[in-house]
Amino acid sequence: CARAYDGLEPRYRAAIASLTERPIALQVPVSEIYPTGEAYFFQDLIAGLPFSLLYEESTHAALPAIIDGLSRAVEQRDERFFRALALAQEQGGGDGGFGISMGMSMAVRCQDGYIERWSEAAPDDFRDYPVLARAFGDLGAIREAPRRCREAGLPPRDAADFELVQTDLPIVVANGAWDPITPVPLAEYIMPGFERGRLVVFPHAGHGPTRSVDCAGDFLNAFFDDPDAELDMTCVEEGGEATNFFAPYFRTTTVQRAIIMQGEHEERLKWHGIWAGGSLGLTLLGLVGLLLGWFSRRINGFRVQTAGGARLVVFLATVAATAWLAGLGAAAYATGEVTEAMLLFGMAPGAMWFSWLGPLSALFGIFGLILTWRHKHRLRMASAIGLTLVSVGVISLNIAGLVWDLWPL
């Protein structure tokens, strides 16, 4: 990570600060989400997306890559990225898929002591962590929030309701070391009240390790069966593995382009699909046809006149092109399994190796076309036409791939 993302932390902090001072505004189609036709992006996006990915250890692999991608988008004021983000939100639903009622959330926070404590702690936060504190709130608004709660008829409940728990019951507090919202220091803060309490920290887990770590259910059941027994820490210490980060990753704007075209030029997207699909169809047809032809000749003992290696070169073009798209498809699937958000920036590292098969197949396709026409007098007309069409299909497929940013450029 240090080699792949040199200087990432200061770049990330600078990106957050940049959007704090100068948010990004752009024109988008008028819709229910954007009734004025304007979309704005603030610092909470840059800080909030990586924060949200800390919850699940399954998404940790993409964290540095996404932080890098976000930082680069802000540094370049990349309109394509932010336009894709705006349209993705519109296509995916206005609440971002979380289904949160912010009114209800704030009503609870007004009454459960959260707002009062936030207001008290905010000045220190803004002094000690100015960039991050400003990413998630405005000091003036936070200071004013307790009064606003009372004006809304939502005063905090009796502070006695929030006294730290004191108990001699056997307690296990299970925490993920990466938990962003109930972090380990808070668990340590409440532990003195648990006379027979034990804090266990799952080193690679996020929020809720007893749910996300495979063996944690058995770990909990063993505690419930015998709360006074010595804890078997095997699951805690060995139940999860350190993340293999995407470092580096294959940068591509393919998904950004697709989202924008889907939202603003849907008919054009269909024609691009027909173009790429037809080219792929010719490529696959050539791959199968050349294979079947080779096998049938071996079975029948039929010999054909050589054509300068045209058949072999065109066959290699179809193999390379098929492996190129199949490899990128597998990499995209693997990336989406980690987090679909990563696809806005690129794919898992393995995609880089497959991406080189694109230009390689294009070179084979061009060379195969040249050989076919140079030796067409040695070929039957049907063979010459077939090899020509397949070569053109591979070349056309690569032009589409180049347009859609699937080459290693």
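Where does Asp405 lie with respect to helix 18? In this predicted model, Asp405 is placed in the segment after helix 18, and its side chain reaches the backbone nitrogen of Thr253 at 2.7 Å. Asp405 is buried yet forms no salt bridge, the nearest side chain of opposite charge being that of Arg257, 4.8 Å away. Apart from neighbours within four places in sequence, the residues in contact with Asp405 are Phe250, Arg251, Thr252, Thr253, Thr254 and Arg257.

Helix 18, which spans residues 381-403, also gives the most to a nonpolar surface patch, supplying three residues. The patch covers about 390 Å² and is made by Leu282, Met381, Ile385 and Leu389; of these, Leu389 is found in helix 18 and is partly exposed, with a relative accessible area of 45%.

Across the whole structure, 18 salt bridges are found. One of them joins the side chains of Arg134 and Glu21 at 3.0 Å, N to O, and this pair links distant parts of the chain, since Arg134 belongs to helix 7 (residues 130-135) and Glu21 to helix 1 (residues 8-21), 113 residues apart. Arg134 is partly exposed at 37% relative accessibility, whereas Glu21 is exposed at 56%.

A salt bridge within a single helix is formed by Glu79 and Arg83 (2.9 Å, N to O), both of which lie in helix 4 (residues 79-92), four residues apart, or about one turn of the helix. Within this pair, Glu79 counts as partly exposed at 46% relative accessibility, while Arg83, at 12%, counts as buried.

Terms used. Residues numbered from 1 in each chain as written. Predicted model: local features only at pLDDT ≥ 70, side-chain atom pairs only at ≥ 80, totals over all residues. Heavy atoms only, no water. Patch = residues over 30% accessible without salt bridge, like charges linked within 9 Å, V, L, I, M, F, W, Y side chains within 5 Å. Areas by Shrake-Rupley, 256 points an atom, 1.4 Å probe, with all protein chains shown as cover. Salt bridge = Lys/Arg side-chain N within 4 Å of Asp/Glu carboxyl O. Helix = DSSP H or I, 4+ residues; strand = E, 2+ residues; numbered from the N terminus. Buried < 20%, exposed > 50% of the residue type's maximum accessible area, 1.4 Å probe, protein only. Lys, Arg positive; Asp, Glu negative; His and termini not counted. Polar contact = N/O pair within 3.5 Å; in protein donor to acceptor, adjacent residues only side chain to side chain. Contact = heavy atoms within 4.5 Å.
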